[in-house]
Every structure is written in structure tokens, then in C-alpha cells.
Amino acid sequence: MESKSDLRISGIGKSQGGSYSHVRTDGMAKIKGDTSCISLDSNGTMSIEGALQSESVTVNGTATVEGHVNTNRMVLDGMATLKEQVVCTELLTVNGRLSVGRGLIGEKVEIFGNLKTREDVGCEVFSVFGGFSIDGLLNAGLVDIKLNMPCRVQEIGGDTITVRRAKKYSVIEQFVPALSARLHAHTIEGDEVDLEYTDAEIVRGNNVRIGEGCKIGRVEYKQQLQRDADAQIGSAHQL
């Protein structure tokens with residue numbers, strides 16, 4: 001079996017893309033062309049003018065990838081802009097800010113910072129202790145959102161959907177509603193739906209709880225509906 005070489009860039013440097021064993025950058029690095037490797041570890045500022053395929057990706061600092069990203073595991077501590085679709089087959093952990101130009105597909109997605117995608121997100125587990133903005137559909141088996149900043153999505157579909165606040169209501173939020181830690185969605189649909197501090201046009205589910213701070217236009221439920229005295233519901237219908 002052919003042995004692949006490592007790629008290491010320290011300071012300010014450039015390299016051509018290609019197939020490597022391990023890639024490590026420290027400083028300001030630019031890689032021109034599609035890149036595949038076993039692991040990529042970036043510290044500082046990195047840009048890849050092409051696609052990236054790697055079993056594991058770790059970013060400490062800032063990173064930009066022009067093409068598709070396909071990886072098993074990715075940990076982001078900093079800011080990353082991934083301009084095409086991202087596929088992460090095992091675990092994606094965002095401790096900073098991640099912007100995805102196309103869709104995101106994964107097994108487990110953990111957001112401790114902020115995620116922004118222009119298209120759909122599909123995964124088995126979507127866990128949030130921060131904020132996100134998803135222009136399309138969020139589809140996950142388990143959706144667990146701890147609101148720490150504003151969250152926006154067009155639609156949510158899942159088996160179990162839970163939305164809670166991770167922090168108390170602040171004085172700033174009273175004067176600047178845009179900074180309020182709330183979930184804004186058009187449609188939320190799941191088997192078990194338990195919401196707090198959520199604005200939505202339509203909520204559908206088997207068992208639905210509309211908790212404090214919610215403003216819901218229409219609720220459709222099959223088995224049970226529980227509502228907090230503080231919750232605002234335009235209409236409720238049992239299917």
C-alpha cells in the first residue's frame with residue numbers, strides 16, 4: 001500500500017491540494033485544490049480552494065472551504081465558512097460560529113455557539129445550547145434546544161422536539177426583542193412536542209405541550225394538548 005505524506009504549514013504558507021495522511025497548519029495557510037486526508041488540524045487562519053474529505057477535522061481559529069466537506073468528525077473552536085454542502089457522518093461540534101452555504105447532513109450535531117445554513121439540516125440528534133439560523137427544514141429524530149440566543153428555522157420535523165430556555169430573561173431583551181432568546185419557526189411537527197418561548201404559525205403532534213412564553217397560531221394534536229396559562233394559542237384542533 002502506498003504511503004501518503006503529511007502536509008505541515010507553519011507561519012505563512014501555501015500548498016497544492018492532494019491526498020495526504022495528516023494535515024496540520026499553524027498560522028496563515030492556503031491550500032489550492034481538493035484535499036483528502038485522514039485528519040486535518042488547523043490553528044490560525046486556513047483556506048481551502050476546493051473540496052475537503054477527512055476522517056476528522058479540528059479548527060482552532062478561522063477556516064474557509066470553497067467546496068464540499070465530507071468528514072466523520074468535526075470540532076470547531078472559532079469561525080468557519082463552508083460554502084457548499086457538509087456531510088458529517090458521526091459528530092459535529094460547534095463551539096464558535098459555523099456558516100454553511102448549502103445543506104448539512106450528519107448523525108449528531110451539537111451547537112454550543114451559532115450555526116447558520118442556507119438550506120436544510122438533517123441528522124439523528126440536533127442538540128443546541130446556543131443559537132442557529134436555518135433557512136430551510138430541520139429534520140432530526142431528536143431535537144433538543146436550550147435557547148441561549150435567537151433561533152430561527154422555517155420548519156422543524158422530528159420524533160421528539162423539546163425547546164427550553166438556557167438563561168433567564170434579561171433587561172436588554174425587553175428593549176431589543178431581536179436579541180431575545182426565542183425560537184422562531186413557521187411549522188413544527190413531531191410525535192412528542194414540548195415547547196417554551198417559541199413563536200410558530202403551526203404546531204402539529206401526537207402529544208403537544210405549549211409552555212410559557214409561546215405564541216402559536218394553530219395547534220393540531222392527536223392525543224393530548226397541555227398549555228401553560230401564559231401561552232398564547234390562536235386555535236387548537238384535535239385530529
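The accessible surface of this protein comes to about 11,500 Å², and 47% of that area belongs to carbon and sulfur atoms. I should state at once that we are looking at a predicted model. Of the 239 residues, 46% count as buried.

Let me turn to the overall form. Along the principal axes, the C-alpha atoms fill a box of roughly 65 × 40 × 20 Å. The secondary structure consists of one helix and 15 strands. As for the contacts between residues at least 6 apart in sequence, 11% join residues at least 24 apart.

The charges come next. The protein carries 26 positive and 32 negative charges, and the mean positions of these two groups are 5 Å apart.

I now move to the interior. In soluble globular proteins, nonpolar side chains tend to be buried together. Here, the largest nonpolar core has 63 residues. Those with the most contacts inside this core are Phe126, Phe132, Leu183, Ile188, Val203 and Ile210. Let us take isoleucine 210 as our example. Leaving aside residues up to four places away in sequence, isoleucine 210 touches Leu195, Val203, Ile216, Val219, Leu225, Ala231 and Ile233, and also Gln226, Arg227 and Asp228. Val203, then, appears both among the core residues with the most contacts and among the residues that isoleucine 210 touches.

The cysteines deserve a word. How many disulfides does the structure hold? The number is zero. Why is cysteine 151 not bonded to cysteine 214? The sulfur of cysteine 214 is the closest cysteine sulfur to that of cysteine 151, yet the two are 13 Å apart, which is too far for a bond, because a disulfide requires sulfur atoms within 2.5 Å. Cysteine 214, likewise, is in no disulfide. Are these two residues buried or exposed? Cysteine 151 is buried, with a relative accessible area of 0%, and cysteine 214 also counts as buried, at 1% relative accessibility.

Finally, I would draw your attention to aspartate 230. Where does aspartate 230 lie? This residue is in the loop between strand E14, residues 215-227, and strand E15, residues 232-238. Aspartate 230 has a relative accessible area of 44% and is therefore partly exposed, since that class runs between 20% and 50%. Beyond residues up to four places away in sequence, aspartate 230 touches Glu212 and Gly213. Valine 193 is 37 residues from aspartate 230 in sequence, and their C-alpha atoms are 17 Å apart in space.

Conventions:
Residues are numbered from 1 along each chain as its sequence is written. This is a predicted model: local features need pLDDT of at least 70, side-chain atom pairs count only at pLDDT 80 or more; totals for chains, interfaces and linings use all residues. Side-chain values use heavy atoms; hydrogens and water are left out. A nonpolar core is a set of buried Ala, Val, Leu, Ile, Met, Phe, Trp, Tyr and Cys residues joined through side-chain atoms within 4.5 Å. Buried means under 20% relative accessible area, exposed over 50%, partly exposed in between (1.4 Å probe, protein chains only). Contact means heavy atoms within 4.5 Å. Helices (H or I, at least four residues) and strands (E, at least two) are DSSP runs, numbered from the N terminus. Accessible areas come from the Shrake-Rupley method with a 1.4 Å probe; for residues, only the protein chains shown count as cover. Lys and Arg count as positive and Asp and Glu as negative; His and the chain ends are not counted. The place of a charge is taken as NZ of Lys, CZ of Arg, CG of Asp or CD of Glu.
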